[in-house]
Amino acid sequence: MAYDPLDAQSDPFRPPAVATLVACLHCRQVYESYEIEWRIETNADDKPHGFWCCPHENCGGQGFGFDILPIDPEYRDERGGWMRSDDDEEGDYDDSAEPNGEAAPPVEKTDEANDDLP
Ligand SMILES: [Zn+2]
């Protein structure tokens with residue numbers, strides 16, 4: 001099946017079938033994912049292309065899972081998958097492992113560490 005840039009339901013950034021609360025990275029508004037709007041715009045090649053857009057006027061946020069993210073950190077979509085948060089920071093390697101192969105000592109978990117949690 002060819003990718004159709006005008007087919008809202010084949011867009012990889014379509015909102016989920018089951019609505020969830022989302023936050024827009026651009027305007028910082030929080031709303032239900034069903035409010036995300038499908039808009040047809042013209043891309044750089046002068047071809048129409050649909051985008052799932054933040055419903056707020058003058059906001060350039062586009063794409064569920066791209067600019068518009070679920071506020072629930074445990075969110076999983078209906079397909080059972082979701083972006084892994086560790087993909088967000090490319091190049092930010094785990095520096096707990098020493099380059100010479102020696103593992104860093106394990107971080108001790110104390111009760112104090114829990115104080116920062118809600
Ligand atoms: Zn927005």
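Colleague: Which residues coordinate the zinc ion?

Modeller: In this predicted model, the zinc ion is held by the SG atoms of C24, C27, C54 and C59, at 2.2 to 2.3 Å. Donors must lie within 2.8 Å of the metal, so these four sulfur atoms count as donors. Along the chain they follow the spacing C-x2-C-x26-C-x4-C. C27 and C59 link distant parts of the chain, 32 residues apart: C27 is in the loop between β1 (21-24) and β2 (30-32), and C59 in the loop between β4 (48-53) and β5 (68-70).

Colleague: Why is the site of the zinc ion called tetrahedral?

Modeller: The angles among the four donor atoms are 106 to 116 degrees. Four donors count as tetrahedral if all angles lie between 85 and 135 degrees, so the site qualifies. For reference, the ideal angle for four tetrahedral donors is 109.5 degrees.

Colleague: What makes C59 buried and C27 partly exposed?

Modeller: Buried means under 20% relative accessible area, and partly exposed means from there up to 50%. C59 has 11%, so C59 is buried. C27 has 23%, so C27 is partly exposed.

Colleague: How do you know that S33 is buried?

Modeller: The relative accessibility of S33 is 0%, and the cut-off is under 20%, therefore S33 counts as buried. S33 sits in the loop between β2 and β3 (37-42). Beyond its neighbours within four places in sequence, S33 is in contact with P15, P16, V18, A19, T20, V22 and F64.

Colleague: Why do β3 and β4 count as paired?

Modeller: Pairing needs at least two bridges, and six join these antiparallel strands, so they pair. W38 stands opposite W52 in β4.

Notes: Residues are numbered from 1 along each chain as its sequence is written. This is a predicted model: local features need pLDDT of at least 70, side-chain atom pairs count only at pLDDT 80 or more; totals for chains, interfaces and linings use all residues. Side-chain values use heavy atoms; hydrogens and water are left out. Donors are N, O and S atoms within 2.8 Å of the metal (3.2 Å for Na, K and Ca); water is not among the atoms, so sites may look incomplete. Four donors count as tetrahedral if all angles lie between 85 and 135 degrees; four count as square planar and six as octahedral if opposite donors are over 155 degrees apart and all others between 65 and 115; anything else is irregular. Helices (H or I, at least four residues) and strands (E, at least two) are DSSP runs, numbered from the N terminus. Buried means under 20% relative accessible area, exposed over 50%, partly exposed in between (1.4 Å probe, protein chains only). Contact means heavy atoms within 4.5 Å.
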